[in-house]
Amino acid sequence: MARTDFGPPHYSTLIPDIIKENYGKWLYHEQIRPGVLKHVSETGAELYTVRVGSPRLASIDFIREICEIADKYSKGHLRFTSRHNIEFLLDDKEMVEPLLEELARRGLPVGGTGHSVSNIVHTQGWVHCHSAATDASGLVKSLMDGLYDYFVENKLPNMVRIAVACCLNMCGAVHCSDIAIVGIHRKPPRIDHEKLHKVCEIPSVIQSCPTGAIKPNPKLKSVEVNPDKCMYCGNCYTVCPAMPIADPENDGVAIFVGGKVSNARTAPKFSRLAIPYLPNNPPRWTETVEAVKHLLEVYAENALPGERYGEWIERIGWERFFKLTGLPFTEKHIDDFIFAPTTFRTTTQFNW
């Protein structure tokens with residue numbers, strides 16, 4: 001294929017020779033220990049994958065460090081997973097243990113495979129996003145510090161995928177994760193009427209609202225927001241900087257549980273609300289970390305081997321889930337979205 005300046009290079013130019021030679025011939029893979037996988041080809045070739053936890057936002061120094069490790073142990077081959085893990089790809093079994101020892105010396109955790117918590121996929125947070133209701137990188141760092149043992153060991157009934165989205169626009173996998181943390185605004189945007197007509201196109205502002213909560217205010221040459229219709233998504237602020245929605249006192253996070261992308265055994269599931277609100281308390285987000293650890297521990301103690309979080313809840317029922325976790329069930333858990341009747345539980349066995 002001719003080389004051009006457009007787009008990334010073709011993936012076939014970047015993968016290890018062992019993968020090229022055995023493309024489409026892999027028979028199975030197995031976990032040797034948490035964080036180490038062995039893939040076996042029908043030709044007898046073996047590829048070893050060592051998974052390392054990594055921050056999503058990486059410094060140049062850190063990237064150079066892991067590239068040096070790859071050059072030394074895996075012939076320069078590594079990759080980043082969609083959950084921000086680093087994977088070193090080795091075709092020499094004898095290099096696996098020296099690599100693990102090197103990673104341990106450098107303080108890089110190995111794990112995230114099998115029945116464990118993998119690295120947390122997350123959105124931009126305060127470092128980049130203008131509509132964030134919470135941070136992403138700081139919150140994820142705090143969570144993974146608290147869940148470290150669940151990353152490096154296999155002591156859960158099944159894999160647990162955790163995601164963080166810093167606002168309701170959810171540019172992460174929060175809608176279908178075992179445990180999901182979503183940043184939430186709780187008040188409508190504040191309108192700077194003096195500035196709005198100077199910096200914003202009023203028709204665009206009105207059209208940006210998914211619930212039709214914004215209407216023109218000709219008297220002020222501005223707009224007004226119907227608080228009963230506002231869903232606090234921040235879309236209006238995206239097109240109009242005169243409508244900021246961030247609020248350090250009222251913004252926080254909500255926690256959802258029970259989602260999954262996999263269609264193994266049962267169909268994919270959307271996450272459901274478990275905890276409506278927890279406060280933003282940087283830099284360690286103590287309440288959120290404790291809540292997630294509690295949800296994980298209750299699942300580990302009560303689920304059957306092989307059950308994902310949502311499968312466990314479906315087996316025992318949501319009523320029992322709230323009882324086991326000690327979470328209060330409130331009016332916040334009742335879906336009042338306009339199309340909610342299609343998701344209501346209407347069975348007579350529903351206890352609330």
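Biologist: Let's jump right in: which residue stands opposite R51 in β5?

Modeller: This is a predicted model, where local features need pLDDT of at least 70, side-chain atom pairs count only at pLDDT 80 or more, and totals for chains, interfaces and linings use all residues. Residues are numbered from 1 along each chain as its sequence is written, and side-chain values use heavy atoms, with hydrogens and water left out. Start with β3, residues 46–52, and β5, residues 86–90, which run antiparallel. Look across from R51 into β5, and you land on E87.

Biologist: How many bridges join strand β3 to strand β5?

Modeller: Strands here are DSSP runs of E with at least two residues, helices are runs of H or I with at least four, and both are numbered from the N terminus. Two strands pair if DSSP finds at least two bridges between them. For antiparallel β3 and β5, the number of bridges is 5.

Biologist: What is the order of the open sheet whose pairing is antiparallel?

Modeller: This open sheet is formed by 5 strands, and β3 has β5 as a neighbour in it. Reading across the sheet, you get the order β1-β2-β3-β5-β4.

Biologist: Why is one side of β1 and of β4 left without a neighbour in that sheet, and where do they stand?

Modeller: Find β1 at residues 26–33 and β4 at residues 78–80. Each has a single partner strand, so one side of each stays free of neighbours in the sheet. In other words, β1 and β4 stand at the edges.

Biologist: By how many degrees are neighbouring strands of this sheet turned against each other on average?

Modeller: Axes are lines fitted to C-alpha atoms (for helices, over the stretch in contact), and angles run from 0 to 180 degrees between N-to-C directions. For this average, though, direction is ignored. Neighbouring strands come out turned by 25 degrees.

Biologist: Helix α2 lies across which strands?

Modeller: Look for α2 at residues 60–73. Its run makes about 15 degrees with β5, one of the strands it lies across. The full answer is β4 and β5.

Biologist: And helix α3 packs on the sheet too, touching which strands?

Modeller: Touching means contact, that is, heavy atoms within 4.5 Å. Helix α3 covers residues 96–105, and its direction makes about 10 degrees with that of β3. The strands it touches are β1, β2 (36–41), β3 and β5.

Biologist: Now for the open sheet with mixed pairing: which strands stand at its edges?

Modeller: This sheet also has 5 strands, in the order β6-β7-β8-β11-β12. An edge strand here has a single partner, so one of its sides has no neighbour in the sheet. Those strands are β6 (121–122) and β12 (272–279).

Biologist: What is the bridge partner of I162 in β8?

Modeller: Strand β7 spans residues 162–165 and β8 spans 179–184, and they pair in the parallel sense over 4 bridges. For I162, the partner in β8 is I179.

Biologist: At about what angle does helix α9 run to β12?

Modeller: You'll find α9 at residues 286–302. It lies across β7, β8, β11 (252–257) and β12. To β12, it runs at about 155 degrees.

Biologist: A cis peptide bond joins which residues?

Modeller: Head for the loop between β12 and α9, where P283 has its place. Omega of the cis bond is about 10 degrees, and the residues it joins are P282 and P283.

Biologist: What is phi of K221 near?

Modeller: K221 is found in the loop between β9 (214–217) and β10 (222–225). K221 is a residue other than glycine, yet its phi is positive, near 55 degrees.

Biologist: Zooming out, what distance separates the centres of domain 1 and domain 3?

Modeller: The domain bounds come from an automatic or database domain assignment. They give domain 1 (13–106), domain 2 (136–186 + 248–333) and domain 3 (195–239). Taken over C-alpha atoms, the centres of domain 1 and domain 3 are separated by 50 Å.
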